[in-house]
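Work through the exercises below with the sequence and the model open beside you. Each task is followed by a solution in steps.

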Amino acid sequence: MSTTTEETTTIHDHVPPRPVSKLPELAPIAARRKAAEKLVDTFGLDPAAAACIANAVVDPAELRRSIETPTELAITGGILHAVRARVWTRRTLPDIRNPRIGDARRHPVAVEPGTDEESRFAPVGDPTSNGVTPHLELEVESVEHMTWASALAARAVLDANDWRYSIRNQGVLTEVWLVANRYVHTDDGSPDLWAVTTAEGSSRTTAAHDILGDGNSVDVVVKAESDTFMRGRIRDLNTALEQGPTVKHSEALRCETMPALILVGYQPLPGGPDRFSSAVKSLVALRHVDAPKEWGEGPELESLADEALTVMEDRGIVTPLRRRWLAGAISRTQAKTAHLPTDPAIRASEIIALFSSDDQSVRDAIRDAVTRQSTRKRITKNFRVKLAVALIVRSVAGEGTSPDRVRRYMQHGFVSVRDNHFKPTHREADAVLADALGEFDHNPAGQPSQARLELAARAAYPLISTLSLWADRGTNNNPNADDRRRPGEVIDTMLSSRLGIHQLHRAIVDHNSGRSMLRAVNDDGSIRLTEDRAQDQTLNDVYLRSTFPKAGSPTRPTSTDTPDDALRDAAAVLGAAVRGLGEAMAAIRAVKAADGSDHVETVGVDRNHVREWNSTLAIATSDLEFWGRIWERRNRNNAQAAARREDNWVSEYLDDPDEAVAAWEDEDSDKVEAAS
């Protein structure tokens, strides 16, 4: 049974690359000067700040038009004015004192500057402004100080908020907020550096600089001040585009420019901040400190799943009616009228089969839907299951159970179903059971095929929605506290026995008939009674994990009244002994010599002991192999005649197990052939 947790993606599951186009030429100096003058006249910018902005803008004409209709941004106690324009990424500097650095800052009061690389300089201080004058000023000791601070900020940003995957494929899609900054060098006598700097959007700008690959962001901006450098860079990329760009060329073409909202003015209200720097900080805080509350995983997944169904409908993968049924947008009465299944378990199997499908058109639809709303998500198998579950649990709300809890549990309810594609049917559960048993009889030890997979997909819904099977495992009064299997792995274990197959079928039938408490069954599918025979045995997480334990760890039954129960009890003791053997072997290996090597590898173990242990283990291994083959053959041969032949062969050797093993291993034996 497959229990792999590996998540795989293909090139088709990634963010689709955005088409690239020719870069515009660098604007003439005269056009940039004219735009700068208009900024000074309209908003009272310092001429150097205005020139800094105009030089960063791709199209000065676009900037002049935006100046005529500026955007107003309300903050507590004032109004900020901004203009919109596309900018050259290389002429934009990420904030060198990004708040994401956080606790990594080494303040002089705690660590003497120069002690180590992390405290080589004191952290760069907060920017200031001269009243409402719309630019910021920061003091740095030197160019080296500025470069060091920029490197720290970049490392923190890429660790905490890495946008490179998305931006390589899409470029920067949303506006960064920029402010003209003056960097005053206090110690080395270097001239002041003016650069439009991110007030919001440092993560995206840092990622873009990293993709462009010209080193530290300060170096990038300083180098890009040269018009000659910029014109050469633009020419090289446009030439590459004409000749057929490489992947790296295409990524650079997407990253060379980005949209921006540039803060150019501030109007305080009575009682509001009297500094432009305070107003900018207030605006950024509204985004990051007092930000809107995130939707949370549930609503986010629902939104993405709905969009995926919409894209599938647009591409003809599902019909409008089927989309509404899968989305849970029609009632059971409406579904019945439309000749669609009303059993939520069947709907669940349809959804999980669709979203885990290997059909490339389906995977492309899911990818395109997700990347429309989130360009950083990789579309793994597990993520597609999460989208499916977001739709499945829409039918849970009326069952008195927390849909969010069920959603979290059900995300782990499909393992073989996720990894082995199947085509669900709308057949009655009894028909699916018959085929599942037939598949099992033919190949009990093999991977589950279509009917068993469908049974598992359907049964996951009732078992988890009624909380008969859990995902998180507590320890208080829990006999299975060490069982860390996911619900889907427990269901997979159930697929490996006739009892488990019957139990999955019973869960489907009981739930569809309206039972809130699912019932346990015997090996033949009949309802199991409680130990006192007074009532039906109902399912819960402890019962299921005990009855269908993980491989090698059978659990002890509550009683040993029947031979089957007594055998289960003895097998549980054997399982514990085998686990103890493994622990004992590990303890021997754990004994270390003075030089740290395994002591047993040097001195060994008394040969007399080893010989006796090997003899016992050899007998045990032979018996285990024999018992395992009997189990396989018994479960493989459903026909009564085959079962009789097997029983006759086994009974003939009951008094002499050694002879039975020898006969089994002798492939030329007539008895073995007869038993086959």
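## Exercise 1: A residue at the start of a helix

D227 is placed in helix α8, which covers residues 227-243. The model is a predicted one.

**Task.** Decide whether D227 is buried or exposed, and list what D227 touches beyond its neighbours in sequence.

**Solution.**
Step 1. The relative accessible area of D227 is 16%.
Step 2. Buried means under 20%, so D227 is buried.
Step 3. Not counting residues up to four places away in sequence, D227 touches L26, I29, R32 and R91.

## Exercise 2: The chain as a whole

**Task.** State how many helices and strands the chain has, and what share of its residues is buried.

**Solution.**
Step 1. The chain holds 29 helices and 7 strands.
Step 2. Of its 676 residues, 46% are buried.
Step 3. Now take the contacts between residues at least 6 apart in sequence: 70% of them join residues at least 24 apart.

## Exercise 3: Two neighbours of α20

**Task.** Describe how α20 packs with α19 and with α22.

**Solution.**
Step 1. Start with α19 (residues 429-442), which packs with α20 at an angle of about 130°, the axes being 7 Å apart. That makes α19 oblique to α20. The crossing of these two helices is left-handed.
Step 2. Find the residues that meet. From α19 they are A429, V432, D435, A436, E439 and F440, and from α20 they are Q450, A451, R452, E454, L455 and R458. The residues of this contact comprise 6 nonpolar, 1 polar and 5 charged.
Step 3. Look at the spacing of such numbers along a helix. An α-helix has 3.6 residues a turn, so residues three or four places apart point the same way.
Step 4. Turn to α22. The axes of α20 and α22 come within 8 Å and cross at roughly 55°. The result is that α20 is oblique to α22. Here too the crossing is left-handed.
Step 5. In this contact, R452, L455, R458, A459, Y461, P462, L463 and S465 of α20 meet I501, L504, H505, A507, I508 and H511 of α22. By type, the residues of the contact divide into 9 nonpolar, 3 polar and 2 charged.

## Exercise 4: The nonpolar cores

**Task.** Find which residues have the most contacts inside the largest nonpolar core, and which element gives the most to this core.

**Solution.**
Step 1. The largest nonpolar core has 77 residues, and those with the most contacts inside it are M312, F355, I366, L387, M410, F414 and L463.
Step 2. The element that gives the most to this core is α20, with 10 residues.
Step 3. Follow L463, a residue of α20 that takes part in the contact with α22. Leaving out residues up to four places away in sequence, L463 touches S468, L469, I491, L504, A507, L518, L539 and L544.
Step 4. Another core lies apart from the largest one; this core has 43 residues, among them L23, A56, A85 and V172.

## Exercise 5: A covered helix

**Task.** Work out how many residues of α21 are buried and what the buried residues pack against.

**Solution.**
Step 1. In α21, 7 of the 8 residues are buried, and the helix is mostly covered.
Step 2. The buried residues are P487, G488, E489, V490, I491, D492 and M494.
Step 3. These buried residues pack against α17 (403-410), α18 (416-419), α20, α22 and α23.

## Exercise 6: Three loop residues

**Task.** Place L467, R533 and D523 in their loops, and describe each residue.

**Solution.**
Step 1. L467 lies in the loop between α20 (450-465) and α21 (487-494). Although L467 is not a glycine, its phi is positive, about 60°.
Step 2. R533 is in the loop between α22 (498-512) and α23 (541-547). R533 also has a positive phi of about 60° without being a glycine. Its relative accessible area is 61%, so R533 is exposed.
Step 3. D523 lies in the loop between α22 and α23. Its relative accessibility is 47%, and D523 therefore counts as partly exposed.
Step 4. D523 and H502 are 21 residues apart along the chain, and their C-alpha atoms are separated by 7.3 Å. Apart from neighbours within four places in sequence, D523 is in contact with L499, H502 and D564.

Notes. Residues numbered from 1 in each chain as written. Predicted model: local features only at pLDDT ≥ 70, side-chain atom pairs only at ≥ 80, totals over all residues. Heavy atoms only, no water. Helix = DSSP H or I, 4+ residues; strand = E, 2+ residues; numbered from the N terminus. Buried < 20%, exposed > 50% of the residue type's maximum accessible area, 1.4 Å probe, protein only. Axes fitted to C-alpha atoms, helices over the stretch in contact; angles between N-to-C directions. Parallel < 35°, antiparallel > 145°, perpendicular 65-115°, else oblique. Left-handed = near helix turned anticlockwise from the far one by under 90°. Contact = heavy atoms within 4.5 Å. Nonpolar A, V, L, I, M, F, W, Y, C, P; charged D, E, K, R; others polar. Core = buried A, V, L, I, M, F, W, Y, C linked by side-chain atoms within 4.5 Å.
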